[in-house]
Amino acid sequence: MSEEIKNKVENDESLDMVSFGIIANAGDARSFAFQALDAAKHGNFEEADELMKRSEEAGTLAHKAQTDLLFKEMNGEHTEVNVLLVHSQDHLMTSMLAQELIKELIELYKNK
């Protein structure tokens with residue numbers, strides 16, 4: 001196998017691992033946020049706050065991976081976009097939106 005092909009395969013595998021990391025962490029963030037919402041519905045606000053903290057930690061990991069890709073792109077290291085990367089970005093954005101909305105819903109439950 002030529003060196004060029006070997007490097008492309010390694011880069012593709014690395015990008016896949018980054019994508020899977022984003023998917024896993026964004027999924028955790030979304031899951032913790034919905035668990036927090038359920039806790040708030042039942043008046044367990046300390047648990048809800050702790051779960052939101054865990055959600056934010058997982059979300060930060062996913063967002064950092066995305067930011068690292070953006071910085072590489074800005075520094076001239078082009079990333080080939082594939083379906084898995086697009087899928088990971090979808091997961092990240094929906095988890096971020098869920099977190100924002102769930103924070104507001106928890107506040108509504110607290111002020112009820």
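G27 is partly exposed in this predicted model, with a relative accessible area of 27%. Since the range for partly exposed residues lies between the limits of 20% and 50%, the value of 27% places G27 in that class. The residue lies in helix α1. Its C-alpha atom is separated by 8.5 Å from that of G59, although G27 and G59 are 32 residues apart along the chain.

**Overall architecture**

The secondary structure of the protein chain consists of 3 helices and 0 strands, and along the sequence the elements follow the pattern α-α-α. Helix α1 covers residues 3-41 and helix α2 covers residues 45-74, while helix α3 covers residues 83-110. Of the 112 residues in the protein chain, 29% are buried. The accessible surface comes to about 7600 Å², and carbon and sulfur atoms account for 56% of that surface. When contacts between residues at least 6 apart in sequence are considered, 80% of them join residues at least 24 apart.

**Nonpolar cores**

In soluble globular proteins, nonpolar side chains tend to be buried together. The largest nonpolar core in the model has 12 residues. Among them are F32, A33, L37, L51, M52, I102 and I106. Helices α1, α2 and α3 are the elements that give two or more residues to this core, and α1 gives the most, with 6 residues.

A48 is one of the residues of this core. Leaving aside neighbours within four places in sequence, A48 is in contact with A36, A39, A40 and I106. A second, separate core has 8 residues, including A26, L69, L85 and L92.

**Buried polar residues of helix α3**

Two polar residues of helix α3 merit separate description. Q99 is in helix α3 and is buried, because its relative accessible area of 9% falls under the 20% limit. Its side chain is joined to that of S55 by a polar contact of 2.7 Å. Beyond neighbours within four places in sequence, Q99 is in contact with A29, A33, M52, S55, E56 and G59. Of these partners, A33 and M52 are also listed in the largest nonpolar core.

S95 is likewise placed in helix α3. It is buried, with a relative accessible area of 1%. Outside neighbours within four places in sequence, S95 is in contact with A26, A29 and R30. A29 is thus in contact with Q99 and with S95, and A26 is one of the residues of the second core.

**Salt bridges**

Side chains of opposite charge can pair when their charged atoms come close. The model contains 4 salt bridges, including those tabulated here.

| Salt bridge | N to O distance |
|---|---|
| E56 and K103 | 3.2 Å |
| K64 and D68 | 2.9 Å |
| K110 and E107 | 3.8 Å |

The bridge between E56 and K103 links distant parts of the chain: E56 is in helix α2 and K103 is in helix α3, 47 residues apart. E56 is partly exposed, with a relative accessible area of 34%, and K103 is partly exposed at 37%. E56 is also one of the residues in contact with Q99.

K64 and D68 lie 4 residues apart in helix α2, so about one helical turn separates them. K64 counts as partly exposed at 48% relative accessibility, and D68 is partly exposed with a relative accessible area of 35%.

K110 and E107 both lie in helix α3, 3 residues apart, which is about one turn of the helix. K110 counts as partly exposed at 32% relative accessibility, and E107 is partly exposed at 37%. Salt bridges that share partners join D49, E107 and K110 into one network.

Definitions and conventions: Residues numbered from 1 in each chain as written. Predicted model: local features only at pLDDT ≥ 70, side-chain atom pairs only at ≥ 80, totals over all residues. Heavy atoms only, no water. Buried < 20%, exposed > 50% of the residue type's maximum accessible area, 1.4 Å probe, protein only. Polar contact = N/O pair within 3.5 Å; in protein donor to acceptor, adjacent residues only side chain to side chain. Contact = heavy atoms within 4.5 Å. Core = buried A, V, L, I, M, F, W, Y, C linked by side-chain atoms within 4.5 Å. Areas by Shrake-Rupley, 256 points an atom, 1.4 Å probe, with all protein chains shown as cover. Salt bridge = Lys/Arg side-chain N within 4 Å of Asp/Glu carboxyl O.
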